[in-house]
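Welcome! Here are some short exercises to work through with the structure in view.

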Amino acid sequence: MTVLFGQLFTGISIGAVLLLIALGLALTFGQMNVINMAHGEFIMAGAYTTYVLQQSITGAGLSLVVALPVAFVVAGTMGVLLEVLLIRRLYARPLDTLLVTWGVSLMLQQLARDVFGSPNVQTRAPELLTGNVALPGGLTIANNRLFILALALAAVAALTLALRLTPLGRRIRAVVQNRDLAAVSGIATSRVDRTTFFLGSGLAGLAGVALTLLGPIGPTMGTNLIIDAFLVVVVGGIGQLKGSVIVAFALGVLQATGEYLTTLSVAKVIVFVAIVAFLQWRPQGLFTLRTRSLA
Amino acid sequence: MTAVTPAPPSTAVHPAPVGAVPPGRPAGRSRLRTLAGFAFGAAVLFAVAPLVLSDFRLALLAKYLCVAMVAVGIGIAWGRGGMLTLGQGVFFGLGGYAMAMHLKLADAGPGGMPDFMQLYGQLDELPLWWRPFASPWFALPATVLLPMIVAFGLGSLVFRRRVRGAYFAILSQALAAAMVILLIGQQGTTGGTNGLTDIKGFFGYDLDDPVNQRMVYFVIAGTLLALLALTRQLIHSRYGELLVAVRDGEERVRFLGYDPASVKLVAYVVAAGMAGLAGALFVPAVGIISPALIGIVPSIEFVIGVAVGGRATLLGPVLGAVAVAWARTALSERFPGTWTYLQGLLFVVVVAFLPGGLASLWALARRRDVGARPVRRGWLSLGRRRAERTEVPAA
């Protein structure tokens with residue numbers, strides 16, 4: 001029983017990381033059908049922002065708190081720049097966007113290498129987040145994992161509320177559901193796109209801050225994360241968030257269980273096979289947005 | 001070629017969609033030009049290059065030509081079929097590993113085990129799945145058939161359920177990621193991160209001998225020319241027209257009574273077979289196959305050569321792949337960091353602003369020369385941009 005719960009929590013905490021890195025993608029991929037391969041590098045930017053802030057702010061706890069909004073803005077600004085300079089010109093060609101943003105991600109990686117050096121760097125974690133929480137039954141849960149879970153859930157909640165309740169959220173939903181009709185109704189779709197891209201990229205920055213708690217950060221960290229993140233969005237179905245949330249946790253638990261029963265590498269293959277099998281059943285993902293648009 | 005198309009199959013009484021058929025051209029002249037082109041290519045590869053280049057440079061060219069073979073396959077699947085496959089490294093790797101396993105076993109002699117197994121593993125005997133590769137009659141066909149079988153398996157599942165566009169690209173990339181993780185994880189039987197290294201012999205020939213290295217080069221050059229001839233026949237056949245039609249309007253082709261899934265599947269499997277063959281020949285040319293050569297990054301680097309050269313043309317992918325690989329060696333020897341920037345910039349500039357690749361520059365220049373005469377869609381035809389527009393999944 002203890003083992004079962006332990007694995008379940010491991011799965012949930014893997015899922016929380018997946019959710020955090022995929023949330024921004026769910027927004028940008030969902031709204032604009034844009035495959036942003038540089039999303040992983042925005043995560044990296046968030047992580048390095050934490051690192052840089054720690055050079056001047058000595059308190060690990062304070063620097064983490066400061067890093068969250070700063071990383072959001074840094075990554076978000078990078079996203080808006082990318083959108084304005086390149087992606088906007090390529091809306092009709094989603095596959096080409098993929099290749100172009102991959103080129104951008106290569107350059108950003110090299111930039112990180114030139115600025116921070118190729119070896120991984122380490123950030124300090126606040127004291128509060130280094131310990132464990134002991135649960136009855138001899139179970140322990142690492143504090144940093146709990147923090148990431150809380151951050152992921154908070155981000156989902158904030159995003160959901162923003163999409164549901166604010167005028168901006170209403171406009172975003174309108175553009176996702178039917179871009180032409182939204183444009184006809186007087187919504188400046190290109191401005192909404194830019195804002196969405198800011199939010200989505202900013203969420204990548206948040207994910208980057210959270211990942212500094214789990215291990216060292218380096219120039220290629222984004223490449224390793226991006227595929228998992230895209231798989232979550234593809235399987236979850238684009239156009240809404242709940243699919244990504246469910247799938248992130250499901251894949252996390254599947255990965256943890258597979259790892260427990262076999263090895264890490266076999267577990268990855270199991271997850272891949274499960275995804276292909278799942279897409280046989282629902283090729284458009286878990287939830288599809290039903291619209292009358294003919295696109 | 002198109003003037004003598006046979007009657008369509010009974011399922012389809014309609015002609016192929018308008019726009020898929022290249023404008024008519026005098027068939028005889030075109031064939032003559034193609035033959036002249038092949039003769040020129042053969043002269044360059046077989047006579048000029050070995051005379052001009054040193055042994056070291058010739059070995060590098062052999063490596064580039066292997067990459068070019070993968071590029072030819074990507075040109076079919078992506079340029080002609082609209083399937084952006086970001087996982088060709090998997091097929092390249094399957095071919096390469098199949099060949100390397102055979103060569104390792106041949107080096108080790110009958111009953112012997114490859115050196116790395118004794119190094120890492122507590123293995124007492126050869127793993128079961130290694131054993132068939134001792135026989136060249138199994139290993140050589142396997143270099144091509146294994147990738148084709150994997151591509152057939154994935155493709156028939158995915159295309160039938162109409163997973164396409166970006167979804168397909170991401171799945172193919174995830175396949176590359178899964179394969180690399182599996183190879184690294186099973187270090188005892190696959191060599192892990194190091195891969196299969198130190199391959200000395202090639203069917204009884206010593207690979208350290210420069211004469212034999214030249215022989216390998218000639219085999220590779222000949223194979224590439226043969227693949228190009230095959231590809232030319234393929235893209236100028238009825239099937240080639242159908243493939244372009246599926247790329248430009250999958251739903252329309254379906255309504256005409258064809259099955260787009262099988263059309264795409266054939267292109268994907270052919271591309272996989274070419275990548276497998278390339279991987280198999282890469283091993284004797286370079287002497288190593290490892291996860292670093294087949295993962296996500298190399299897989300996407302295969303694509304950049306194709307994009308630079310011109311995705312929808314016959315020669316574009318080959319020239320682009322060789323040019324990019326050459327530029328990479330030339331620049332990364334001296335300025336490793338600069339090359340990465342340049343590579344990223346190439347992706348951005350070529351794909352965003354020159355989607356037809358360098359081949360389209362050539363076509364543009366020609367149009368200017370000829371003046372009013374329309375550009376003919378020959379084997380350096382412009383890649384058309386309508387393709388992906390139809391691939392936006394209905395969201």
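The expected span of a helix is 1.5 Å times one less than its number of residues. Helices (H or I, at least four residues) and strands (E, at least two) are DSSP runs, numbered from the N terminus. This is a predicted model, where local features need pLDDT of at least 70, side-chain atom pairs count only at pLDDT 80 or more, and totals for chains, interfaces and linings use all residues. Residues are numbered from 1 along each chain as written, chains are lettered from A in the order written, and side-chain values use heavy atoms, without hydrogens and water.

**Exercise 1.** Compare the expected span of helix 5 (residues 143-165) of chain A with its end C-alpha atoms.

*Solution.* Helix 5 of chain A has 23 residues, so it should span 33 Å. Its end C-alpha atoms lie 32 Å apart, which agrees. Its buried residues (under 20% relative accessible area, 1.4 Å probe, protein chains only) include A:I148, A:L149 and A:L159.

**Exercise 2.** Describe how helix 6 (residues 166-185) and helix 12 (residues 296-309) of chain B meet.

*Solution.* Step one: their axes come within 9 Å and cross at roughly 140°. Step two: the two helices are therefore oblique to each other (neither under 35 degrees, over 145, nor 65 to 115). Step three: the contact (heavy atoms within 4.5 Å) joins B:Q173, B:A176 and B:A177 of helix 6 of chain B to B:I296, B:S299 and B:I300 of helix 12 of chain B.

**Exercise 3.** Summarise chain B: how many helices and strands are there?

*Solution.* Chain B has 15 helices and two strands. Of its 395 residues, 53% are buried.

Terms used: Axes fitted to C-alpha atoms, helices over the stretch in contact; angles between N-to-C directions. Buried < 20%, exposed > 50% of the residue type's maximum accessible area, 1.4 Å probe, protein only.
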